[in-house]
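Here's a quick Q&A on a structure and the terms used to describe it. Have the viewer open while you read.

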Amino acid sequence: MGDPGREFSLTDAQLAQFHRDGFIGPFDLYEPEQMEQDLRALRPKLLNTKKAVYGGGDGVSGVTNLANYDRHLDVEFLARHIVRPEITDRVASILGPDVLCWRTEFFPKYPGDEGTDWHQADNFANVAGSKQPQIEWPNDAEFGGTITVWTAFTPATVEMGCLQFIPGTHDVMNYDETKTMDYDPEAINNREKAGVRRGFFGYDYRQLQKDPDWEPDESRAVSQVMRQGQFIIFWSTLMHASHPHAGLTDQMRLGFAARYLPTSVRVYPYSNGLEEFGGTASLERFGNVLVSGQDTFGHNKFVDETVNGFRFPVPGRVS
Ligand SMILES: O=C(O)CCC(=O)C(=O)O
Ligand SMILES: [Fe+2]
């Protein structure tokens, strides 16, 4: 099936599976040896936050995860990663041809770190201090979510804290993102839930539960073991979590999540800044990246060039 120009489009069978389960993959992207080399080259660049859109001391305060956000806007390897056709062809076969990338995030887990809480994200007001939706689908859609492409920059085994999904849970929200969670960095690595050490990077996602007495049905959970350099695609509204890093190896687990939307969705419609994980940052230098097709809506801000002057190899751009 699919568009002959889109070599990596999902097949009809894969699309049906994706709509049923809320996720599909893993798929190969980088050879493990190549990924390891790329990661080595990437580390010093990530430490240099001078050109990071929320980094470098201006606009960022407090202990923050925001330094992990949107590094595709200043690091060329990541800029090239988010437009790889192996990813964007598949995402476009789900979302339609006109697709933007609005957010990337690193998810590091060091030996001994807790797992990530079970959660679902619809409009991403979840951790926003303002409680404003960060994305808004058109036509009062009941809920929307975003497509997340999570790439294993290191191996992701059960012992190292791979992702877990509960298949088929992407159509019903168990959480209310208008509720507030308390940010408490002291809670990190200090809580157990159903016998497993878990948390949400200083928040407790259970505070957003619609029904405080409900518990996720972990008996249905599947572990997503991934080889280094593979990626998986899932709806942010799918029940997802990750195992703790058991510390059996001294190698960290590093996931890189890139989040995609159709251009019809409004990104940050209500705010000029980010306020989450105990930090704040201005969105002044933020821009979406058009990764496929075109934008005919004009309601979103797009980057043309990154802050480094790196030009995104965006399909269809007349340069
Ligand atoms: O990597 C993790 O542990 C969590 C990732 C996640 O929640 C996401 O990509 O939305
Ligand atoms: Fe998530």
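**Cavity, ligand and backbone**

Q: By class, what residues does the lining of the largest cavity have?
A: That lining has 13 nonpolar, 8 polar and 5 charged residues. The sorting is by residue name: Ala, Val, Leu, Ile, Met, Phe, Trp, Tyr, Cys and Pro are nonpolar, Asp, Glu, Lys and Arg are charged, and the others, Gly among them, are polar. This is a predicted model, where local features need pLDDT of at least 70 and side-chain atom pairs need 80 or more, while totals for chains, interfaces and linings use all residues. Residues are numbered from 1 along each chain as written, chains are lettered from A and ligands numbered from 1 in written order, and side-chain values use heavy atoms, without hydrogens and water.

Q: What makes a space in this structure a cavity, and how many are there of 30 Å³ or more?
A: On a 1 Å grid over the protein atoms alone, a 1.4 Å probe must fit but be unable to get out. The structure holds 3 cavities of 30 Å³ or more, and the largest has about 280 Å³ of space, the volume filled by probe spheres set on the joined grid points. β2, β5, β11 and β12 each give two or more residues to its lining.

Q: Which residues lie nearest the centre of the largest cavity?
A: Glu 105, Phe 107, His 119, Phe 200 and Arg 259 do, out of 26 lining residues; lining means having an atom within 4 Å of a grid point.

Q: Where does ligand 1 sit?
A: Its space is the largest cavity; sitting there takes more than half of its atoms within 2 Å of the grid points.

Q: Which residues come nearest to ligand 1?
A: Thr 116, His 119, Trp 150, Ser 242 and Arg 253 do, among the 13 around it, where a heavy atom within 4 Å is what counts. By class, the shell is 5 nonpolar, 5 polar and 3 charged. β12 (253-262) gives the most, with 3 residues, and β2 (99-109), β5 (147-152) and β11 (239-242) are among the strands that supply at least two.

Q: Why is the pair between Thr 116 and ligand 1 called a polar contact?
A: The cut-off is a pair of N or O atoms within 3.5 Å, and Thr 116's side chain has one 2.6 Å from a ligand oxygen, so the pair qualifies. Arg 253 qualifies at 2.8 Å, and so does His 240 at 3.2 Å. The protein covers 98% of the 290 Å² of accessible area that ligand 1 has on its own, by Shrake-Rupley with a 1.4 Å probe.

Q: Why is the peptide bond from Gly 25 to Pro 26 called cis?
A: Its omega is near 0°. Pro 26 lies in strand β1 (residues 23-28), a strand being a DSSP run of E with at least two residues.

Q: What makes phi of Lys 131 and Asn 189 stand out?
A: Most residues other than glycine have a negative phi. Lys 131 has a positive one, near 65°, in the loop between β3 (115-116) and β4 (135-136). Asn 189 is also positive, near 65°, in the loop between β6 (163-166) and β7 (192-193).

Definitions and conventions. A polar contact is a pair of N or O atoms within 3.5 Å; within protein, one must be able to donate a hydrogen and the other to accept it, and residues adjacent in sequence count only if both atoms are side-chain atoms. On a 1 Å grid over the protein atoms alone, a cavity is a set of points where a 1.4 Å probe fits but cannot get out, and a pocket is an open set with protein on both sides within 12 Å along at least five of seven lines; lining residues have an atom within 4 Å of a point. Helices (H or I, at least four residues) and strands (E, at least two) are DSSP runs, numbered from the N terminus.
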